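Student: I would like to learn how to read a few features of a protein model, one at a time. Could we begin with the backbone and then move on to the ligand and the aromatic rings?

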Amino acid sequence: MSQTGLLYPDDSSIKHLHAKLTKAAQEINTPDHHLRRLLDRPGRFSDFSLGIDGFFMDFSRQRLDENALSLLHESQTLSNALKKFSEMTQGQIVNPTENRAALHTAARGTGPSPLLFKEMDVKAQMQQVNKKIEQFCLSVHEGKISSACGKPFTQAVVIGIGGSYLGCEFVYQALAGADRKMDLLFLPNVDIDNFARVIESIDKESTLWIVISKSYTTTETMANLNQVSTWLTNQGISPEDHMVTITAKGSPGDDPDTPVLASFHMFDFIGGRYSVSSAVGGLPLSLALGYDVFKRFLDGCRLMDTHVLESPAEKNIALTAALISIWNTLYMEYPAQAIIPYASRLARLSPHVQQLYMESLGKSVSPEGQPLTRPAGTIIFGEPGTNAQHSFFQLAHQGNAFPVDFIGIKAPGYTGIQALSKGVTNHQELWANLLAQAGALALGRSSDDPARNFDGNRPSTIITIDNLEPESVGMLLSFYEARTVLEGFILGVNPFDQFGVELGKVMAGDIRKEMAAKNQNPSYMFACASKTDNFYLDLLFRK
Ligand SMILES: O=P(O)(O)OC[C@H]1O[C@](O)(CO)[C@@H](O)[C@@H]1O
């Protein structure tokens with residue numbers, strides 16, 4: 001299949017489509033295409049919304065019309081994005097720069113059975129890992145596996161960074177309503193105060209440490225592992241008696257002689273930012289909430305996977321969202337995108353999607369190494385509503401506009417007594433604000449006082465899920481994964497490599513060597529390549 005993408009430089013059909021999309025954007029930027037006018041069109045809401053059981057997406061307040069949407073679908077056709085997505089779930093090499101497949105979908109059972117990859121039955125291997133997780137967690141919960149101090153494990157701390165914790169933290173917080181079997185804490189940052197906060201919050205005698213690192217070389221994670229091990233030993237606890245690892249087969253951490261309570265494999269064909277449905281999420285979430293909850297989360301992921309694989313393009317929710325993202329970034333030229341869940345339990349969704357999207361699409365060359373016509377991707381940020389209204393929505397309404405994904409939950413987790421204030425419950429108040437914000441951004445309100453004038457015409461999508469049960473959270477996670485991957489395929493980038501994170505690591509290594517020399521020899525004179533760095537090291541080490 002010939003490779004192409006919306007950002008490919010030399011494809012004449014792409015150039016022609018790009019010109020049509022650019023013209024369509026110019027039309028949308030005319031007064032008779034203000035959202036006030038678009039929203040008045042007959043059938044606007046029904047034609048610009050899509051849904052499946054448990055997941056509804058209303059994009060009627062996005063600044064596009066039938067013409068623009070139809071042209072955007074042409075970009076999907078030209079790039080064969082949906083076909084490529086399907087091939088991805090079957091184990092084809094979709095990460096050519098690392099010669100890898102991307103089989104995060106197989107971790108929840110999506111794709112053919114058996115799913116053979118390099119003579120390995122991938123699904124069978126993953127089911128084996130999940131079986132091991134289920135059995136280990138049951139033993140911990142039943143006290144058959146307990147701490148070296150003879151106590152049951154009641155808390156677990158994930159030592160991991162990036163995709164080795166962000167997705168897990170998002171899902172753990174989202175599922176806060178589930179019966180908690182253990183508390184889960186996270187130690188991602190090498191900042192010693194992150195460690196300090198964690199040890200203040202745990203009982204060391206009943207805490208299990210979960211080291212998660214696909215490479216087992218990430219400096220921060222290895223430094224935290226060393227810090228925790230040193231602290232435990234100093235506290236009279238043998239680290240290996242309170243530790244499990246999750247790492248790739250053959251990584252430095254995958255040493256059968258490493259004495260830990262248990263070790264679980266992750267696979268090199270699952271990238272960190274796509275790994276929460278693998279053991280990376282499976283073990284911590286099953287320890288905290290029970291394996292059945294994790295299994296229900298996987299069921300939700302698979303439901304959305306199936307929709308993306310089986311629905312026709314014009315009914316495809318994740319594809320449509322990917323096309324809208326491309327439209328807003330490339331043609332409407334918005335500077336960023338916000339994810340604003342009107343649910344405090346989804347507070348960690350945008351940090352997870354930040355890595356998922358920006359580490360996947362923040363590229364400037366095609367998988368074949370061709371410079372793209374412009375760098376891909378945009379900035380993702382977000383906070384829960386209604387908090388965001390009292391933080392940065394001033395700019396959303398009257399400043400440099402940006403599109404918003406509003407996420408609403410039909411039924412909150414809390415089912416206790418609910419007071420009425422101004423005649424409504426708090427959950428209803430939450431929804432009143434969500435709907436009002438989307439409306440105000442779209443419609444605005446004219447005023448003779450310029451400071452009080454709202455020009456509106458500011459785009460948003462409203463995503464509604466039934467609740468914060470595991471299945472709903474799984475659908476939401478898979479939706480953003482699929483939206484990211486499809487956008488990458490359509491643009492013509494490899495969504496699965498991340499060489500951009502390497503230079504900083506190398507330069508930190510050079511500075512680290514200078515610091516280590518000083519620690520060895522206090523009279524050492526810093527000799528960083530950069531005089532600025534020498535200034536800061538002198539400052540840092542000055543007594
Ligand atoms: O799981 P590892 O190998 O420690 O990597 C942690 C994170 O660091 C990154 O590799 C970026 O440096 C992410 O892609 C990854 O999720």
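**Reading the backbone, the ligand and the rings**

Tutor: Let us start with T386, which is placed in the loop between β13 (379-381) and α14 (393-398). Please keep in mind throughout that this is a predicted model.

Student: What is the peptide bond from G385 to T386, cis or trans?

Tutor: The bond that leads from G385 into T386 is cis, and its omega is near 10°. A cis peptide bond also joins S113 and P114, with omega about -5°, and P114 belongs to the loop between β4 (100-101) and β5 (116-117).

Student: Which sign does phi of N99 have, positive or negative?

Tutor: For N99, a residue other than glycine, phi is positive, with a value near 50°. N99 is found in the loop between β3 (93-95) and β4.

Student: Turning to the ligand, where does the ligand sit?

Tutor: The ligand occupies the largest pocket. The shell of residues around the ligand is made up of two nonpolar, nine polar and three charged residues. Of the 14 residues around the ligand, those that come nearest are S164, S213, S215, T218 and E359.

Student: Which polar atoms of S164, S215 and K214 lie by an oxygen atom of the ligand?

Tutor: Here one separates side chain from backbone. In S164, an N or O atom of the side chain is 2.6 Å from an oxygen atom of the ligand, and in S215 an N or O atom of the side chain is 2.7 Å from a ligand oxygen atom. K214 takes part through its backbone, where a polar atom is 2.8 Å from an oxygen atom of the ligand. As for burial, the ligand taken alone exposes 390 Å², and the protein buries 87% of that.

Student: How many aromatic pairs does a search of the whole structure find, and how is one of them to be read?

Tutor: To describe a pair of aromatic rings, one gives the distance of the centres and the angle of the planes. A search of the whole structure finds 24 aromatic pairs. One of them is formed by F195 and W231, whose rings are 6.0 Å apart from centre to centre with 85° between the planes, an edge-to-face arrangement.

Student: Why does the pair of F195 and W231 tie together parts that are apart in sequence?

Tutor: F195 is in helix α8 (residues 192-201) whereas W231 is in helix α9 (residues 219-234), and therefore the pair ties together parts that lie 36 residues apart in sequence.

Terms used: Residues are numbered from 1 along each chain as its sequence is written. This is a predicted model: local features need pLDDT of at least 70, side-chain atom pairs count only at pLDDT 80 or more; totals for chains, interfaces and linings use all residues. Side-chain values use heavy atoms; hydrogens and water are left out. A residue is near a molecule or strand if one of its heavy atoms lies within 4 Å of it. A polar contact is a pair of N or O atoms within 3.5 Å; within protein, one must be able to donate a hydrogen and the other to accept it, and residues adjacent in sequence count only if both atoms are side-chain atoms. Accessible areas come from the Shrake-Rupley method with a 1.4 Å probe; for residues, only the protein chains shown count as cover. On a 1 Å grid over the protein atoms alone, a cavity is a set of points where a 1.4 Å probe fits but cannot get out, and a pocket is an open set with protein on both sides within 12 Å along at least five of seven lines; lining residues have an atom within 4 Å of a point. A molecule sits in a cavity or pocket if more than half of its atoms lie within 2 Å of its grid points. Ala, Val, Leu, Ile, Met, Phe, Trp, Tyr, Cys and Pro count as nonpolar, Asp, Glu, Lys and Arg as charged, and the others, Gly among them, as polar. Rings of Phe, Tyr and Trp (its six-membered ring) pair if their centres lie within 6.5 Å; planes under 30 degrees apart count as stacked, over 60 as edge-to-face and the rest as tilted. Helices (H or I, at least four residues) and strands (E, at least two) are DSSP runs, numbered from the N terminus.
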